[in-house]
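Ready for some practice at reading a structure? Keep the picture open while you work through the exercises below.

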Amino acid sequence: MAGTAEQQAWIESRFQPYRVVEPDGSAPQGLLTGYYEPVLDASRTTTFSHRVPVYAPPVGVRLGSNEPPWYTRQEIDSLPAAQAALRGRVIAWLSDPIDAMVLHVQGSGRLNIKETDGTTRQVRVTFQAANGHNFKSPVRWLFEQQEIREASWEGARAWAAQNPKRLNEMLWSNPRVVFFRELNLNELDAKFGPPGAQRVPLTPGRSIAVDPLVVPYGTPVWIASKGVVFNQQKLVMAQDTGNAIVGPARADLFTGWGGYGDPAYQLASRLKQPLQMWVLWPR
């Protein structure tokens with residue numbers, strides 16, 4: 001392997017940087033956020049403590065950006081027709097509805113799943129489809145309702161503990177539901193993140209989600225962001241996208257995987273600061 005200087009010289013000789021700007025050439029109000037792969041305990045069967053389903057897509061229902069929206073989150077939870085369509089489509093059961101919401105927001109996760117024979121193994125669930133509704137942040141909803149002082153999952157969890165009868169009100173403020181597929185997680189797969197929209201495994205600290213209409217997948221990108229939790233200039237790769245990642249100089253940094261409170265979660269949950277981006281285009 002070449003050293004850092006040789007790697008830099010190789011890149012500079014073969015790529016030309018171009019600043020990502022607005023269509024009129026003006027500098028955009030760039031924004032860098034973070035996302036991660038949550039690690040959650042789960043059960044293959046419903047139990048007294050595990051009653052929150054993680055669904056695979058319903059059979060026989062066309063889901064996609066060109067299809068009409070399916071049932072909302074509230075309708076899926078309450079309408080017999082929606083529940084009938086999802087009968088037999090539960091991958092696993094979680095114990096905490098806020099953990100389930102976090103899984104939907106992040107789009108993938110690792111489940112330490114207790115099987116019917118009593119054994120526990122780790123599997124990965126990744127985005128397969130969605131119900132066609134736009135994402136609306138439950139945390140932002142609480143903040144705008146002046147129910148919490150800071151827009152954070154910590155605040156949302158504390159509010160839910162104090163207001164259990166209003167939990168669904170918060171959850172249903174986000175009509176978007178994600179449907180997952182289960183993947184085996186071998187020793188090699190466990191060393192990397194989930195496959196992104198480019199269908200290659202994500203690398204912590206080096207993979208970003210972008211708007212593919214602005215930055216094509218597979219593009220090397222130089223990012224610069226200075227803030228309280230992240231103060232770096234570094235080379236990353238555009239390998240993923242997200243429902244909220246729209247427009248120029250908008251990126252979501254993949255921070256890794258872990259449980260609630262782990263470093264990957266801490267960085268992802270706190271990262272929200274200005275961003276400058278340059279795409280590296282072959283000379």
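Two strands pair if DSSP finds at least two bridges between them. Keep that in mind, and also that what you're looking at is a predicted model.

**Exercise 1. Strand β11 and its partners**

Work out which strands pair with β11, in which sense, and whether β11 is largely enclosed.

*Solution.*
- Step 1: Start with strand β2, residues 31-43, which pairs with β11 in the parallel sense over 7 bridges. To spot this pairing, look for Gly-34, whose bridge partner in β11 is Leu-253.
- Step 2: Now try strand β8, residues 207-209, which is joined to β11 by 2 bridges and runs antiparallel to it. That number just meets the cut-off of at least two bridges. Here Ile-208 has Leu-253 of β11 as its bridge partner, so Leu-253 is a handy residue to highlight: it is a partner of Gly-34 as well.
- Step 3: Finally, check burial, where buried means under 20% relative accessible area. In β11, 8 of the 9 residues are buried, so the strand is largely enclosed by the rest of the structure.

**Exercise 2. Strand β9 and its partners**

Find the strands joined to β9 and say how many bridges join each one to it.

*Solution.*
- Step 1: β10, residues 231-240, runs antiparallel to β9 and is joined to it by 7 bridges. One pair to find is Val-221 with Val-236 of β10.
- Step 2: Follow the chain from β9 to β10: the two form a hairpin, with 4 residues between them.
- Step 3: β13, residues 276-282, is joined to β9 by 4 bridges, again antiparallel. Look for Ile-223, which has Met-277 of β13 as its bridge partner.
- Step 4: What about burial? In β9, residues 220-226, 5 of the 7 residues are buried, so β9 is largely enclosed by the rest of the structure.

**Exercise 3. A residue in β13**

Decide whether Leu-280 is buried or exposed, and list what it's in contact with beyond its neighbours in sequence.

*Solution.*
- Step 1: Locate Leu-280 in strand β13.
- Step 2: Its relative accessibility is 9%, so Leu-280 counts as buried.
- Step 3: Skip the neighbours within four places in sequence, and the contacts of Leu-280 are Ile-11, Phe-15, Gln-16, Pro-17, Thr-219, Pro-220 and Leu-235.

**Exercise 4. Two helices packing**

Describe how helices α4 and α6 run relative to each other, and which residues make the contact.

*Solution.*
- Step 1: Helix α4 (residues 97-106) and helix α6 (residues 153-162) pack at an angle of about 150°, and their axes are 11 Å apart.
- Step 2: Angles over 145 degrees count as roughly antiparallel, and α4 and α6 are therefore roughly antiparallel to each other. The crossing is right-handed.
- Step 3: On the α4 side, the contact is made by Ile-98, Asp-99, Met-101, Val-102 and Val-105, while α6 brings Trp-153, Ala-156, Arg-157 and Ala-160.
- Step 4: Sort these by class and you get 7 nonpolar, no polar and 2 charged residues.

**Exercise 5. Positive phi without glycine**

Take Gln-146 and Ala-249, and say where each is found and whether it is buried or exposed.

*Solution.*
- Step 1: Gln-146 isn't a glycine, yet its phi is positive, about 60°. You'll find Gln-146 in the loop between α5 and α6.
- Step 2: With 73% relative accessibility, Gln-146 counts as exposed.
- Step 3: Ala-249 also has a positive phi, near 50°, and sits in the loop between β10 and β11.
- Step 4: Ala-249 counts as buried, because its relative accessibility is 3%.

Conventions:
Residues numbered from 1 in each chain as written. Predicted model: local features only at pLDDT ≥ 70, side-chain atom pairs only at ≥ 80, totals over all residues. Heavy atoms only, no water. Axes fitted to C-alpha atoms, helices over the stretch in contact; angles between N-to-C directions. Parallel < 35°, antiparallel > 145°, perpendicular 65-115°, else oblique. Left-handed = near helix turned anticlockwise from the far one by under 90°. Contact = heavy atoms within 4.5 Å. Nonpolar A, V, L, I, M, F, W, Y, C, P; charged D, E, K, R; others polar. Buried < 20%, exposed > 50% of the residue type's maximum accessible area, 1.4 Å probe, protein only.
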